[in-house]
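Reader: I have a structure open on my screen and would like to understand the words used to describe it. Could you walk me through the reasoning behind them?

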Amino acid sequence: MKKALTFLLVIIVAAAAFAVNGGYPDKIYFSVKNQEEIAARDVAEGVSDVFLQSVPGSIFYGLDKSIRDKLDVYSVPAGSWALFVNNIPNVAPYQVTVNDTTYFNPMAIQQVRFALNYLINRKYVVDEIQSGAAQPRYTQATVGQPNAYKINLVADKFGFTPEGNQEKAFQMIDEAMAEAAKDPANKGRLVKGNQFWMFDGEPVTIKFIIRVDDPEGRLKLGNYVSDLIEASGIKVERLLYERSKASNIAYYEDPALYNWNIYTEGWGGGDTYVWWYTSTMQYYTSLWGFQPGGATEGWWNFVDEEADYYANKAYTGKVLTEEEYWDCLVKATELGLQDATRIFVTDEMSFFVANKDRFTERMPYGLGNGLNRLSTENAKVKDNILRTVQFAAKGGLFMSTWDPVGADGFSDLYSGFITDLVFDRTFTNSPFGESVPLRAYVISTDNKVEKDAEGNLVGLLDVPADAVNYNHVTKSWEPVGEGVKAFTTTTAGYKWGKWHHGRDFNMDDIIYAQAFPAD
């Protein structure tokens, strides 16, 4: 008999505060199951109303027709698989010393990492592992989404194909290892053996963290890629870890501890994107803490300053034209693909399921991320009580700290479904990726900027001398002073309301909300 761990949390929407303008449900229940098939069956049988995590195609297509007939299905490419690579030290002679033992890290060689793009037959992964419910992916941009083609042309430039090119990959890896063997620090120590490359008499070995809690998905992906890497002459130690242990090592440990080399990542869609600066900043720069080392002070961190520069230039709007904007993102993408610390493999077709009989109409959802905050807020269930279920891998549900203050608190998909409902936004994205007003609205805006002789953007709008910025060092709001210029000025209005305990919003709350993240 299959057993499932159940965790229950209920959010009761205060009637006094939200009687007119709040979400449709009066209560939202959150529970979890640690088997996706059981969660989907519970939804079909009416135990839960909706499964907030997608069901993989291999499981969805395996459900009895009698079960699927009871489900309302929302299918979108809202997830992706990737390989995250620990490339310490990223420079020759590619050695790492831990507790007086020196290792050779082949993944520190850029050409070896980059060769993974050719080594993997993404079409095989889609057809044989994901039951056809996916599509090959090469970059941070989901295939088929608005403007994604501008980013994905970079993959065409490098010659990436669904089938890959294993012969080319093997040659690239062999040439890179042979070149590394010529380094004086490796000479005589790094040699090619009968099956594997050898270092100090032992096979060159990488530690591959493979998500065992995804047995029909990333476990099979990890084993498939491991076989390919071993065929290239590098031995693989397969670390079969569940979600919590795997993510803690890959994301929350110093890469210098050298406890891993590759990790089978899985990403939710995040949002429906049109401009792609968010995913570029996240996946290909060190600025948001998603490169090896996590931008943690005192750890070894991988930084590509050029990729950071171009991505941040687009993100902060330091461009004069839309063409220049896309040029920056394309350049950052090219650099990110060359760095190859994150190798995207596929876009997973996501099947979100709801009980047909419990809803009076379908929920809104994002074309790039499926069910989200808009869905739960606007779920028209017959009794105004929404019962949701999430997938909890054995050993842990939430991947980030359950903490609204810490730098990494509430940052994962699972806690986000809960916290997003009690977090107010000035603007939000529509299901089509457009920015729309939520709590704030723009009254007027003006832009005036030019390039100086060195090509730097210079703002031409005067900032009032008594305007203030928050200084997190002095813990005070300080006047900007005379002679400060800006690129853009905007006047915004705010839709005031009440907090959950009845107090009115006011400008103090807006000011505090700007200062608190800086602290």
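Author: Happily, and please keep in mind that this is a predicted model. Let us begin with Arg358, which, leaving aside its neighbours within four places in sequence, is in contact with Asp49, Lys380, Val381, Lys382, Asp383, Ile385 and Arg387. Arg358 sits in the loop between strand S14 and helix H14 (373–377).

Reader: Why is Arg358 called buried?

Author: Its relative accessible area is 14%, and buried means under 20%. Arg358 is therefore on the buried side of that cut-off.

Reader: What makes the link between the side chains of Arg358 and Asp49 a polar contact?

Author: The distance is 2.6 Å, and the limit for a pair of N or O atoms is 3.5 Å, provided that one can donate a hydrogen and the other can accept it. The Arg358 side chain also reaches the backbone oxygen of Ile385, at 2.9 Å.

Reader: Now to Asn384: how do you know whether it is buried or partly exposed?

Author: Asn384 has 30% relative accessibility. Partly exposed covers what lies between under 20% and over 50%, so Asn384 counts as partly exposed. Asn384 belongs to the loop between H14 and strand S15 (385–391), and its phi is near 60°, a positive value in a residue other than glycine.

Reader: Which residue in the loop between S4 and S5 has a positive phi?

Author: That is Tyr94, with phi near 65°. Tyr94 has 17% relative accessibility, so it counts as buried, the cut-off being under 20%.

Reader: What kind of peptide bond leads into Pro89, and what kind into Pro93?

Author: The bond from Ile88 to Pro89 is cis, with omega near 0°. The bond from Ala92 to Pro93 is cis too, with omega near 10°. Pro89 lies in the loop between strand S4 (71–85) and strand S5 (95–98), and Pro93 is found in the loop between S4 and S5.

Reader: Let us turn to helices. Why are H7 and H13 called oblique to each other?

Author: The axes of H7 (residues 148–158) and H13 (residues 322–339) cross at roughly 45° and come within 9 Å. Under 35 degrees would count as roughly parallel, and roughly perpendicular begins at 65; H7 and H13 are therefore oblique. Their crossing is right-handed. The residues of this contact divide into 8 nonpolar, 2 polar and 4 charged. Among those that meet are Ile151, Val154 and Phe158 in H7 and Trp326, Leu329 and Leu337 in H13.

Reader: What makes H6 oblique to H9?

Author: Helix H6 (residues 122–129) and helix H9 (residues 218–231) have axes that come within 11 Å and cross at roughly 140°. Roughly antiparallel needs over 145, and roughly perpendicular ends at 115, so H6 is oblique to H9. The crossing is right-handed. Tyr124, Val125 and Ile129 of H6 and Lys220, Leu221 and Tyr224 of H9 make the contact, which divides into 5 nonpolar residues, no polar and 1 charged.

Reader: And how do you know that H11 is mostly covered?

Author: In helix H11 (residues 277–284), 7 of its 8 residues are buried. They are Thr278, Ser279, Thr280, Met281, Gln282, Tyr283 and Tyr284. These buried residues pack against strand S13 (262–268), helix H12 (305–315), H13 and strand S14 (342–355).

Notes
Residues numbered from 1 in each chain as written. Predicted model: local features only at pLDDT ≥ 70, side-chain atom pairs only at ≥ 80, totals over all residues. Heavy atoms only, no water. Axes fitted to C-alpha atoms, helices over the stretch in contact; angles between N-to-C directions. Helix = DSSP H or I, 4+ residues; strand = E, 2+ residues; numbered from the N terminus. Left-handed = near helix turned anticlockwise from the far one by under 90°. Contact = heavy atoms within 4.5 Å. Nonpolar A, V, L, I, M, F, W, Y, C, P; charged D, E, K, R; others polar. Buried < 20%, exposed > 50% of the residue type's maximum accessible area, 1.4 Å probe, protein only.
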